[in-house]
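Reader: Pick one spot in this one and take me through it closely, please. After that, carry on to whatever else helps me picture the rest.

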Amino acid sequence: MAEQIPLYPVRSAAAAASCKRAAYFSAAGPGPGAERSSRYQLEDESAHLDEMPLMMSEEGFENDESDYHKLPRARILRRKRGLEWFVCGGWKFLCTSCCDWLINICQRKKELKARTVWLGYPEKCEEKHPRNSIKNQKYNVFTFIPGVLYEQFKFFLNLYFLVVSCSQFVPALKIGYLYTYWAPLGFVLAVTIMREAIDEFRRFQRDKEVNSQLYSKLTVRGKVQVKSSDIQVGDLIIVEKNQRIPSDMVFLRTSEKAGSCFIRTDQLDGETDWKLKVAVSCTQRLPALGDLFSINAYVYAQKPQLDIHSFEGTFTREDSDPPIHESLSIENTLWASTVVASGTIIGVVIYTGKETRSVMNTSNPKSKVGLLDLELNQLTKALFLALVALSVVMVTLQGFSGPWYRSLFRFLLLFSYIIPISLRVNLDMGKAAYGWMIMKDENIPGTVVRTSTIPEELGRLVYLLTDKTGTLTRNEMVFKRLHLGTVSYGTDTMDEIQNQLMNSYSQTQSQTSGNNASSTPPRKAQSSAPKVRKSVSSRVHEAVKAVALCHNVTPVYEARGAAGETEFAEADQDFSDDNRTYQASSPDEVALVQWTESVGLTLVNRDLTSMQLRTPSGQILTYCILQTFPFTSESKRMGVIVRDESTAEITFYMKGADVAMSTVVQYNDWLEEECGNMAREGLRTLVVAKRALTDEQYQDFENRYNQAKLSIHDRTLKVAAVVESLEREMELLCLTGVEDQLQADVRPTLEMLRNAGLKIWMLTGDKLETATCIAKSSHLVSRTQDTHVFRPVTSRGEAHLELNAFRRKHDCALVISGDSLEVCLKYYEHEFVELACQCPAVVCCRCTPTQKAHIVRLLQQHTGRRTCAIGDGGNDVSMIQAADCGIGIEGKEGRQASLAADFSVSQFKHIGRLLVVHGRSSYKRSAALSQFVMHRGLIISTMQAVFSSVFYFASVPLYQGFLMVGYATVYTMFPVFSLVLDQDVKPEMAMLYPELYKDLTKGRSLSCKTFLVWVLISIYQGGILMFGALVLFESEFVHVVAISFTALVLTELLMVALTVRTWHWLMAVAELLSLGCYVASLAFLNQYFDVPFIMTVTFVWKVSAITVVSCLPLYVLKYLKRKLSPPSYSKLSS
């Protein structure tokens, strides 16, 4: 497809461009095009883009459309005019537009504004802010019954049953007993209302639990307890360790000496590593808590927004001279739904309720409807049209005599069995049975079905969108490889590193003691062998020391007792190795420090200005931290400048991704090759380097750095330029490889799902490098496949050029960041989605929860295919709720995702069986069951039509009272419902050949073709049964009823046997039970049947003859079809 798309040159001659533009706007005439001309002359870049249309088909180029903001979908809609547009969905569009307009008028959305928040004085707020309560309920007391009824009767099938049932209250239209119509409808409604009520009550209880959590609020009079839902903007809230943060706050004070604390954000962004937050220095320096009320200070916060990774604000203290101003950034904030991991913190509330980042990033749950239900709804409409047509034909043949409209209504009711009322009941019971089978499957223990209405959706999926952390990976990092250029150490040779480190430090110690004794250093010439050994040893020593110093890890020691009084908690702490845990912003940082501890160099203490290492011999080395340069996605590296307290040497250590580091280290011939080797093994690589600095060099750097930090314009660029002046000719020390352990059987599961025809997208909040690495190690992107990393884009022009570059690539996986994705979707939504859908795999990194849900909705709109979202954290809830089918994994990140999902599994590997076995069989069984129930209604309606035609088009029912109820229930219900046990292939076969799943996405099990086949079978069998009975009957009309009804019941039982592909013992029991019930009930049906006649041989042979004629041809046809054109599954089952 890509070959057909003309690619226009990116840079063209200016003259050609202006000619082309002039020609275009002259052709456009003096309309909006002319206005556009002036705009494009101003925006040279945008004008330049019009030379290179980003269209996906030849039709797009013929279509003279230059405004990219209008999507092709809108263009298609524009072509339909007038009545055609109204009939093809225009009426629905008008209705929804009117409803939206009314809703907007009723609940006008308040415009979000920036705010000034005074510390501890909520009453000073100028605006009214929302309550801090969480609400996940769909309905309230008043909207529950209307809401549930609307959800049920918006389907044509249910609405039709309601109208038919209500018509029976009119005496002139009454045909049977009321219970024959109202009982099934009442049963369906009762079950639905009960199910919704239970779900709603559970949601209410969960909300109440969260909203009534108690927090300490600081007031002028001291601490008071306050409910989470009563917290207001401006309140000073105290949050203890392991407590959930109730609203978005600015971090003012902490009990930790360093003035910082850790928080867990797994329910917000899905990442399990802890984040370091820094208190506002002005309030942290205050002597006591109560002093927060003695100062006159306020926080200025930007308006509430979705982005969880950024914040802009200022802190101002007015009562000091001069006033103190501090800028606030993301590291001074504590977002709601995160958990305090260390110390006790005090913060001022800036956003509450609907305005918090976590609530803004969750979408309202929608009621999910399966594709099968929608297809059946369409078929029901077709059947209704057939019903109306048949009734009109009957009234026409009657000659419109008498009150014909009454006859028309009676015929409509007589043939109403065309749309069987039992269809809804059978399907709902079937869905419940599939849910039960899924939960009872021993191969996927712990699986829970939370939405019982959509098990068939599992069999129709095309796009699978999965989270990374905790879903594909365990988020457990293990250090695997250290490469020094000439020598490489793996997990089995770590003891060598330990020995060399021990030797190196013992030598250093002896040298220092020797130096103290005599002034001459003991460096004597040694034999050649030890010389080489010494050099390797010193290189190992340098590499391990660099890894132990260059990081943002903090060792944390748990207090022994319950630290009620935080001031005295320090004294109780246990500084032993067993009690130490490491915390950092990234789990691979922790893995590196844990590795240095395992080889003998242990990080024992760290604060904002210093860190201490313990050598294998137990000596403590102290380093003063002069500067730290944190990791950013732009720089792809982090650095630290430290001074060794014992030698006063200043060293700049740096580590980062190979692409960023290869330009700053000295020339070498091994780095690129080894990075490639490690990446192919699925390891996350980091290049470590150092540079020794003199005091003069450092002083010069510090002056320039501080100057750059104070500049107002282009601060980031100036700071980066100063740091880059140090990053030159650095000494390459080593290359490290860390493995993020995958969940069990992730690779075979992903391979199976790919073979089943699913396109897998990975949406993660993690860094681009990490995401790419996991995509390769999990085989989401195969080893031979190219990956196209979408360059960061910020403007329309950049997006255009990058999309054109991407379009030239063939069969390569796409890796894109959330920011670039946002820009592409803003200008080129349709084009981007169409290009991405052609990729074998897509990886989106740095995605916010809202972006994840937006991508799901885009795929649904642009492809019309079914989507499935898989996640395990609170940040995946929006995506899970937006998808047609949401699967939650119960993992380390809590149960929020699994509670919000339609299906909950305990491990990722269970998803393969859930889709390929249960999804497939649920869909195929429901398709067979629904068509059979329709056939059961059609056949009796055909018999009624034949009967009425023969008896002068009289609107008299053929079968009355219990015969009709019995036919739909006792006599045929069990065999028909036993189709939910049918299977075409064994589960093991379905797992072995996942390709069988591909057929389902085309929807061939329930299509217009299969439906028409069943309609023809019904007409043939109904005609044969009725004509046969009329031809063979002799004297009594009662005999016609007895012969035709018995033959009808036998035909239905034989048809179930014909439809079944694999027999189950319960199916045989159901067949025999139904037959037994019918034979036993003949004795009690003397008001409908002539009992003595039933006992005769004549009756038996006539029934047998009619049944054979109605069923035998179908058996022959089925046998021939299976021989001549066997379905794909039969080749396997044979």
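Author: Let's start with I650: setting aside neighbours within four places in sequence, it touches L626, I641, V642, R643, R691, A692, L693, D695 and Y698 (contact means heavy atoms within 4.5 Å). A word on ground rules: this is a predicted model, where local features need pLDDT of at least 70 and side-chain atom pairs count only at pLDDT 80 or more, while totals for chains, interfaces and linings use all residues. Residues are numbered from 1 along each chain as its sequence is written, and side-chain values use heavy atoms, with hydrogens and water left out.

Back to I650, which sits in strand β24 (residues 650–656); strands (E, at least two residues) and helices (H or I, at least four) are DSSP runs, numbered from the N terminus. I650 counts as buried because its relative accessible area is 4% (buried is under 20%, exposed over 50%, partly exposed in between, with a 1.4 Å probe and protein chains only). One of its partners, R691, is 41 residues away along the chain, with 8.9 Å between the C-alpha atoms.

L252 makes a nice companion case, in strand β5 (residues 248–254). With a relative accessible area of 0%, L252 is buried too. Its contacts beyond four places in sequence include L119, L236, F315 and I346, along with Q284. L252 and Q284 are 32 residues apart in sequence and 6.3 Å apart in space, C-alpha to C-alpha.

Now the interior. The largest nonpolar core has 96 residues, and I887, F903, I911 and L915 have the most contacts inside it (such a core is a set of buried Ala, Val, Leu, Ile, Met, Phe, Trp, Tyr and Cys residues joined through side-chain atoms within 4.5 Å). Helix α31 (residues 910–950) gives the largest share of this core, 13 residues. As for F903, its contacts past four places in sequence include I438, V448, P455, I887 and L914. A second, separate core of 43 residues includes L501, Y582, A591 and V640.

Helix α8 (residues 156–167) is worth a look as well. Its 12 residues should span 16 Å at 1.5 Å a residue, and the end C-alpha atoms are indeed 16 Å apart (the expected span is 1.5 Å times one less than the number of residues). The buried residues of α8 are L157, N158, Y160, F161, V164, S165 and S167. They pack against α7 (144–153), α9 (179–211), α13 (371–398), α14 (404–414) and α15 (422–440).
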